[in-house]
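The following exercises are meant to be worked through with the sequence and the coordinates open side by side. Each task is followed by a solution that proceeds in steps.

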Amino acid sequence: QVQLVESGGGLVQPGGSLRLSCAASGSIFLIYDMAWYRQPPGKQRELLATISSAGSATYADSAKGRFTISRDDPKKTVYLQMSSLNAEDTATYYCRFNIENSWRSAERRDYWGQGTQVTVSS
């Protein structure tokens, strides 16, 4: 059993910064890639950033230059540092981990957080 809990969302002024966190607990042997997604109201979910177990990061064009993804494996946590926020960043943000539950198996599966709301407004 694995649970991902997100935190750090809220209301922020345009141009401001925010850091999101997502921490995993439960039956975990290895965490492969971690990722952040977001879903604006009435729109499809989009991938923002990924980070591999080796620390290599990728970004969507909408996140490049403004957002930074990082991971802390002892804490089983991924972060998304966001800056220069604008109204178009308003969305529900989700984390996703790809996890191997036991060394006895090579099976991996995805786990999702519950989402945290980010609202950028004056």
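Leu30 lies in strand β4, which covers residues 30-39. The model is a predicted one, and the values below are computed from it.

**Exercise 1.** Determine whether Leu30 is buried, partly exposed or exposed, and find which residues it is in contact with beyond its neighbours within four places in sequence.

*Solution.* Begin with the relative accessible area of Leu30, which is 37%. Buried requires a value under 20% and exposed a value over 50%, so Leu30 counts as partly exposed. Next, set aside the neighbours within four places in sequence; the contacts of Leu30 are then Asn98, Ile99 and Glu100. As a last step, take the distance from Leu30 to Ser56: the two residues are 26 apart in sequence, and their C-alpha atoms are 16 Å apart in space.

**Exercise 2.** Search the whole structure for disulfides, and describe what is found in terms of partners, handedness and surroundings.

*Solution.* The search of the whole structure gives one disulfide. Its partners are Cys22 and Cys95, with sulfur atoms 1.9 Å apart, which satisfies the cut-off of 2.5 Å. The torsion about the S-S bond of Cys22 and Cys95 is about 50 degrees, and the disulfide is therefore right-handed. The pair links distant parts of the chain, since Cys22 belongs to strand β3 (residues 18-26) and Cys95 to strand β9 (residues 91-100), with their positions 73 residues apart in the numbering. Finally, consider accessibility: Cys22 has a relative accessibility of 0% and so counts as buried, and Cys95, also at 0%, counts as buried as well.

**Exercise 3.** Describe the secondary structure, the overall dimensions and the surface of the protein.

*Solution.* Start with the elements: the protein has 11 strands and zero helices, so that its pattern along the sequence is made up of β elements, β-β-β-β-β-β-β-β-β-β-β. For the dimensions, a compact globule of 122 residues would have a radius of gyration near 14 Å, and the protein agrees with this because its own value is 14 Å. Along the principal axes, the C-alpha atoms fill a box of roughly 50 × 25 × 25 Å. Turning to the packing, 43% of the 122 residues count as buried, and among contacts between residues at least 6 apart in sequence, 56% join residues at least 24 apart. The accessible surface comes to about 6600 Å², with 47% belonging to carbon and sulfur atoms. For the charges, there are 13 positive and 11 negative side chains, and the centres of these two sets are 2 Å apart.

How values were computed. Residues numbered from 1 in each chain as written. Predicted model: local features only at pLDDT ≥ 70, side-chain atom pairs only at ≥ 80, totals over all residues. Heavy atoms only, no water. Helix = DSSP H or I, 4+ residues; strand = E, 2+ residues; numbered from the N terminus. Buried < 20%, exposed > 50% of the residue type's maximum accessible area, 1.4 Å probe, protein only. Rg over C-alpha atoms; globule rule 2.2 N^0.38 Å. Contact = heavy atoms within 4.5 Å. Areas by Shrake-Rupley, 256 points an atom, 1.4 Å probe, with all protein chains shown as cover. Lys, Arg positive; Asp, Glu negative; His and termini not counted. Charge placed at Lys NZ, Arg CZ, Asp CG, Glu CD.
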